[in-house]
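User: I've got a fold open on my screen and would like to talk it through. Can you take some questions on it?

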Amino acid sequence: MLCSSQGKTPCHVKVPLFQHLGPEASSLLVSLLQSQVFHKGEMVVKEGEGSAKLYMVHQGCVKLSKYTENGKEHIVRFLFPGDFFGHDALLHQKPYGFHAEVLETSSLCTLHRQDFDQLIEHDPKLAYHFLLAVTELLEQSEEWNTALSSMNPEQRIAKLLLNFHVKNIETNGIKLPVFKKDLALLVGITPETLSRKLAIMQSEGLLQVAGNVIHLLQLEELQQRIQ
């Protein structure tokens, strides 16, 4: 589904949530969406902020995270083009339950609650597709939490890299949008352990690390290791 903005920056974002819409509803969506460019390190929203807005990533990468009372960061997930966040704020007008930080210059589309309601009135099937999309997010979250508790470090790394690969299907070269310490935090290990495990996987011919780019050389083998 393509979207464009009213005003500042064109926004063409493929969001599975809206792919079923017909031409008329698609045109309405394009007229309702707005876009905004954020630069590396900028906060899109902060935990506890109130709003009724859905965000969709057009270009770039966004990190969702929470902080414990003692200031320790917990990374929820990384978002890539086509991903969205803020559905609780949109549907229930709840405060955002996380920080959303841009990891590189990124373009995001936004849809306000009243505009979302207008879309549903125009195409009631959108409510069903939205429910499916949110359910899929919950399933992915549960799957990742299960992986953290049941997989060894190498399996977690393999699963994370395969997830990144799905978001970057044009090439096997994954340009990491974050520092290795963030990747280590996401998979629940230290940066030193991450570097050591990547070196072992490289020696086994599974991947090749070149700076902040990781080339996956044996996709089938990586997939077998996490099964």
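Analyst: Sure, this is a predicted model, and we'll go through its sheet, a helix, the aromatic pairs and the cavity.

User: Let's begin with the open sheet of four strands: what is its order?
Analyst: The pairing in this sheet is antiparallel. Its edge strands, each pairing on one side only, are β1 (34-38) and β6 (84-85). Reading across, the order is β1-β8-β3-β6.

User: And which residue in β8 is the bridge partner of Gln 36?
Analyst: Strands β1 and β8 (residues 106-112) run antiparallel and are joined by five bridges. One of the residues with a bridge partner in β8 is Gln 36, and that partner is Leu 108.

User: Over to helix α1 (residues 23-32). How wide an arc do its buried residues cover around the axis?
Analyst: The buried residues here are Ala 25, Ser 26, Leu 28, Leu 29 and Leu 32. They sit on the same side of α1, because the arc they cover around the axis is only 160°.

User: Which exposed residues does the face turned away from that buried side carry?
Analyst: Start with the buried side of α1: what covers its residues includes β1, β8 and α3. The face turned away from that side carries the exposed residues Pro 23 and Glu 24.

User: You mentioned α3. Is Asp 117 buried, exposed or partly exposed?
Analyst: Asp 117 is found in helix α3, which spans residues 113-122. Its relative accessibility is 31%. Buried means under 20% and exposed over 50%, so Asp 117 counts as partly exposed.

User: How far apart are the C-alpha atoms of Asp 117 and Ala 127?
Analyst: Along the chain, these two are ten residues apart. In space, their C-alpha atoms are separated by 9.4 Å.

User: Now the aromatics. What kind of pair do Phe 80 and Phe 164 make?
Analyst: There are eight aromatic pairs in the structure. In this one the ring centres are 5.2 Å apart and the planes stand at 70°. Planes over 60 degrees apart count as edge-to-face, so the Phe 80 and Phe 164 pair is edge-to-face.

User: How many residues apart in sequence are the parts that this pair ties together?
Analyst: Phe 80 lies in the loop between β5 (73-79) and β6, while Phe 164 belongs to helix α5 (residues 153-166). Phe 80 is buried, at 13% relative accessible area, and Phe 164 also counts as buried, at 6%. The parts they tie together are 84 residues apart in sequence.

User: How about Tyr 96 and Phe 98: what kind of pair is that?
Analyst: Both residues are buried, and they belong to one aromatic cluster with Tyr 55 and Phe 85. Their ring centres lie 6.2 Å apart, with the planes at 55°. That angle falls between the cut-offs of 30 and 60 degrees, so this pair is tilted.

User: Last topic, empty space. What volume does the largest cavity have?
Analyst: Rolling a probe the size of a water molecule over the atoms shows where empty space is left. Searching the whole structure turns up one cavity of 30 Å³ or more. The volume of the largest cavity is about 40 Å³.

User: And which element gives the most to its lining?
Analyst: The lining is made up of Ile 157, Leu 160, Leu 161, Leu 183, Leu 194, Leu 198 and Ile 214. Elements giving two or more residues to it are α5 and α7 (191-203). With three residues, the one that gives the most is α5.

Definitions and conventions
Residues numbered from 1 in each chain as written. Predicted model: local features only at pLDDT ≥ 70, side-chain atom pairs only at ≥ 80, totals over all residues. Heavy atoms only, no water. Buried < 20%, exposed > 50% of the residue type's maximum accessible area, 1.4 Å probe, protein only. Pairing = 2+ DSSP bridges. Phe/Tyr/Trp six-rings, centres within 6.5 Å; stacked < 30°, edge-to-face > 60°. Arc of directions from axis to C-beta. Contact = heavy atoms within 4.5 Å. 1 Å grid on protein atoms, 1.4 Å probe; cavity = no way out; pocket = protein on both sides within 12 Å on 5 of 7 lines; lining within 4 Å. Points joined across faces, edges and corners; volume = space filled by probe spheres on them.
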